[in-house]
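Let's take a walk through this structure, from its core out to a few side-chain details. Have the sequence and the 3D view open as you read.

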Amino acid sequence: MDLLQLSKIAITASLSAGKVIQKYMNAQVEVKKKKGGESYSSQVVTAVDIECEKVILSHLLPTCEEFGLALLSEETEDDGSRFEEDLFWCIDPMDGTLAFINKHPGFSVSIALIAKDGTPYIGVVYDPSTDTLYHAVKGNGAFKNGNPWEIKHLNDHLTYVTDRKLKDTPRSIEIEGLLDEHVKKLRLNGVIEIAGAGSVLNGILVLENGPACMIKLPKKENGGGSLWDFAATACIYKEMGLPATDFQGGRLDLNRKDGTFMNKEGVFYSNLIQR
């Protein structure tokens, strides 16, 4: 199986979906509710999400037939095929729907190819607001707009990237303590927060604003993002040699058998290595 060829198909699919999003970025769209996690952001869906998924599937379904790949996509019911085939596409047609509805940057297209054991092989993220493409292929490195991506730390502070402002986040004092530990360890000048994007672009923002991190504490309630919120960026982080783990630093389970939500173990993305 040619991973580079499959990555090119995934890139084409993400750019095609991005064009759909760009077409509606300044338009008013109808918002509907769907079954999701505890947060409102996981319960909203628009016709744009559905149209993006349709466009992406038009590119990816032929590869499923040709190579025996399974499929998991946010707007389609999980059929369990990801447990049967060796690899599956993991798709978020438009992550950050709430940001899109509110006309704020922070939405993106995310496509990943994941092995049955949860290993990421391909990760593609497209940001329609800035027309920026990020992608990685296992063993081949990470790229930004087609060029090898090397990140550098330009800040003297720690950037905390989050979908919800820290003051509105449960257990905020606990998170503040963790952030202060990193500040002291790295001898930084405090913490600056970037809030409001979807989980996919939050992962990218951690890479773009180092030293930085994203923390999702373990919790009982359904939520904390789903597999498709982390699959593509996990591949990019792996190729950059940076941690994309559960909260305790363990392996991120990208093919959970108990559902798609990531709340039980939490998530920790970090770009703290001095560069």
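A quick rule before we look at anything: a charge sits over a ring if NZ of Lys or CZ of Arg is within 6 Å of the ring centre and within 35 degrees of the ring normal. Lys 138 fits the bill, lying over the face of Tyr 121 at 5.4 Å from the ring centre. Lys 103 does likewise with Phe 100, at 5.1 Å from the ring centre.

Keep in mind that this is a predicted model, where local features need pLDDT of at least 70 and side-chain atom pairs count only at pLDDT 80 or more, while totals for chains, interfaces and linings use all residues. Residues are numbered from 1 along each chain as its sequence is written, and side-chain values use heavy atoms, with hydrogens and water left out.

Now for the core. A nonpolar core here is a set of buried Ala, Val, Leu, Ile, Met, Phe, Trp, Tyr and Cys residues joined through side-chain atoms within 4.5 Å. Buried means under 20% relative accessible area, exposed over 50%, and partly exposed in between, using a 1.4 Å probe and protein chains only. The largest nonpolar core has 38 residues, and Cys 90, Ile 236 and Tyr 269 touch the most other members. Several elements each supply at least two of its residues, among them β4 (87–95), α5 (199–208), α6 (227–240) and β14. Helices (H or I, at least four residues) and strands (E, at least two) are DSSP runs, numbered from the N terminus. The largest share of this core, ten residues, comes from α6. Apart from this core lies another, of 30 residues, including Val 48, Ile 56, Ile 91 and Leu 113.

Zoom in on Ile 236. Leaving out residues up to four places away in sequence, Ile 236 touches nine-residue company that includes Gly 123, Tyr 134, Trp 149 and Leu 207, where a contact means heavy atoms within 4.5 Å.

What about the cysteines? A disulfide is a pair of cysteine sulfur atoms within 2.5 Å, and a search of the whole structure finds zero. For Cys 90, the nearest cysteine sulfur, that of Cys 235, is 12 Å away. Cys 90 is buried, at 1% relative accessible area, and Cys 213 is buried too, at 0%.

On to the aromatics. Rings of Phe, Tyr and Trp (its six-membered ring) pair if their centres lie within 6.5 Å; planes under 30 degrees apart count as stacked, over 60 as edge-to-face and the rest as tilted. By this rule there are four aromatic pairs. Phe 100 and Phe 107 are edge-to-face because their planes stand at 90 degrees, with the centres 5.3 Å apart. Phe 230 and Tyr 269 are also edge-to-face, at 6.0 Å centre to centre and 65 degrees between the planes. Phe 230 lies in helix α6 and Tyr 269 in strand β14, so this pair ties together parts 39 residues apart in sequence. Both residues, Phe 230 and Tyr 269, are buried, and ring pairs link them with Tyr 237 into a cluster.

Last stop: Arg 256, in the loop between β13 (244–245) and β14 (267–271). Is this arginine buried or exposed? Arg 256 counts as buried, at 6% relative accessibility. A polar contact of 2.7 Å joins the side chains of Arg 256 and Glu 265. That term covers a pair of N or O atoms within 3.5 Å; within protein, one must be able to donate a hydrogen and the other to accept it, and residues adjacent in sequence count only if both atoms are side-chain atoms.
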